[in-house]
Amino acid sequence: MLALANLYHQAEIFYSIQGEGVSVGKPSIFIRLAGCNLACTWCDTAYSWNGSVKAVYLSLEELVNKVLQYPCKHLVITGGEPLLQQKVLLRLSALLPEFSFEIETNGTIEPLPELLERVEQINVSPKLGHSGNSMEKAWNPSALQALAQSGKAWFKFVVSSESDIIHLLAEFEHLGISRSRILLMPQAKTRDELNSSRRQVVDWCLKYNVRFSDRLHISIWGDKKGV
């Protein structure tokens with residue numbers, strides 16, 4: 001069984017385009033899992049972990065049947081924090097051998113080696129101080145290094161100030177992780193917030209020679225969920 005986020009009284013599974021990161025624009029089936037080991041103050045999917053609604057539990061067979069309804073063979077596993085359920089995800093991947101997998105994680109949990117072998121891409125979004133989490137809880141150097149060494153990880157950061165960028169670049173240099181794998185992303189939940197912060201983040205990307213990640217789903221659908 002997997003615990004999925006409950007959106008509009010049903011398990012949150014939907015077909016859309018990837019809105020963030022290096023595979024932006026790619027048609028994907030999204031599965032949003034329930035539960036998280038962090039509690040970000042600005043999280044735009046807090047319903048998946050804060051207890052406001054109960055999770056929806058599906059068997060792997062039920063989940064596979066839902067996935068096969070879509071004209072796509074690329075899965076994005078998001079959350080919440082998917083690696084809290086990684087043993088079950090490994091079993092799911094075995095049931096869908098023809099699918100490619102992309103996993104989104106906050107970078108605090110070391111992935112199983114078998115899962116690393118199976119996934120195509122890992123989008124790691126470590127949380128900085130402005131998230132409201134203590135750095136002792138949100139920053140796990142050994143997990144970040146394990147993810148980086150897989151060669152499949154990209155690190156995308158929600159940033160709200162230049163000091164955030166200076167801090168994370170210093171930390172990643174200390175860990176030996178190349179800034180070529182880093183993406184900076186505006187903190188935004190709505191089109192207006194995105195439009196007001198996008199240009200500043202682009203300027204920071206140019207200044208520090210790191211990639212920019214837009215939030216295409218917000219540009220298109222605003223704060224609508226399940227798209």
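In this predicted model, Y70 is partly exposed, with a relative accessibility of 26%. Y70 belongs to the loop between α1 (60-67) and β7 (74-78), and its ring partner Y15 sits in strand β4, 55 residues apart, so that the pair links distant parts of the chain. The ring centres of Y15 and Y70 are 5.8 Å apart and the planes stand at 35°; because stacked planes must be under 30 degrees apart and edge-to-face planes over 60, this pair counts as tilted. Y15, like its partner, is partly exposed, at a relative accessible area of 35%.

**Aromatic pairs and clusters**

The count of aromatic pairs comes to five. One of them joins F14 and F30, which are stacked with 5.0 Å from centre to centre and 5° between the planes. This pair, too, connects distant parts of the chain, since F14 is in strand β4 (residues 13-17) and F30 in strand β5 (residues 27-32), 16 residues apart. Both F14 and F30 are buried. Elsewhere, ring pairs join W139, F155, F157 and F172 into a cluster. A charge also meets a ring in this model: the charged end of R181 lies over the ring of W154, at 3.8 Å from the ring centre.

**Nonpolar cores and overall form**

F157, a member of the aromatic cluster, is also, together with L184, one of the residues with the most contacts inside the largest nonpolar core, which has 51 residues. Helix α6 (residues 162-175) contributes the most to this core, with five residues. Beyond its neighbours within four places in sequence, L184 is in contact with residues including F157, V159, I165, L168, V201 and C205. A second, separate core has six residues, among them W42, C43, A46 and V158.

The chain as a whole has eight helices and twelve strands. Its radius of gyration is 17 Å, close to the 17 Å that the globule rule gives for 227 residues, so the chain is as compact as a globular protein of that length. The C-alpha trace spans about 50 × 40 × 30 Å along its principal axes, and 52% of the 227 residues count as buried. Of the contacts between residues at least 6 apart in sequence, 72% join residues at least 24 apart.

**Cysteines**

The number of disulfides in the model is zero. For C205, the closest cysteine sulfur is that of C40, at 20 Å, which is too far for a bond because a disulfide needs sulfur atoms within 2.5 Å. C205 is buried, with a relative accessible area of 5%, and C72 is buried as well, at 10%.

**Backbone features**

Most residues other than glycine have a negative phi, and most peptide bonds are trans. The peptide bond from G79 to G80 is cis, with omega near 15°, and G80 is found in the loop between β7 and α2 (86-95). Two residues that are not glycine have a positive phi, as the table sets out.

| Residue | Phi | Location | Relative accessibility |
|---|---|---|---|
| Y8 | about 55° | loop between β2 (6-7) and β3 (10-11) | 57%, exposed |
| H9 | about 70° | loop between β2 and β3 | 77%, exposed |

Note on methods. Residues numbered from 1 in each chain as written. Predicted model: local features only at pLDDT ≥ 70, side-chain atom pairs only at ≥ 80, totals over all residues. Heavy atoms only, no water. Phe/Tyr/Trp six-rings, centres within 6.5 Å; stacked < 30°, edge-to-face > 60°. Helix = DSSP H or I, 4+ residues; strand = E, 2+ residues; numbered from the N terminus. Buried < 20%, exposed > 50% of the residue type's maximum accessible area, 1.4 Å probe, protein only. Lys NZ or Arg CZ within 6 Å of the ring centre and 35° of its normal. Core = buried A, V, L, I, M, F, W, Y, C linked by side-chain atoms within 4.5 Å. Contact = heavy atoms within 4.5 Å. Rg over C-alpha atoms; globule rule 2.2 N^0.38 Å.
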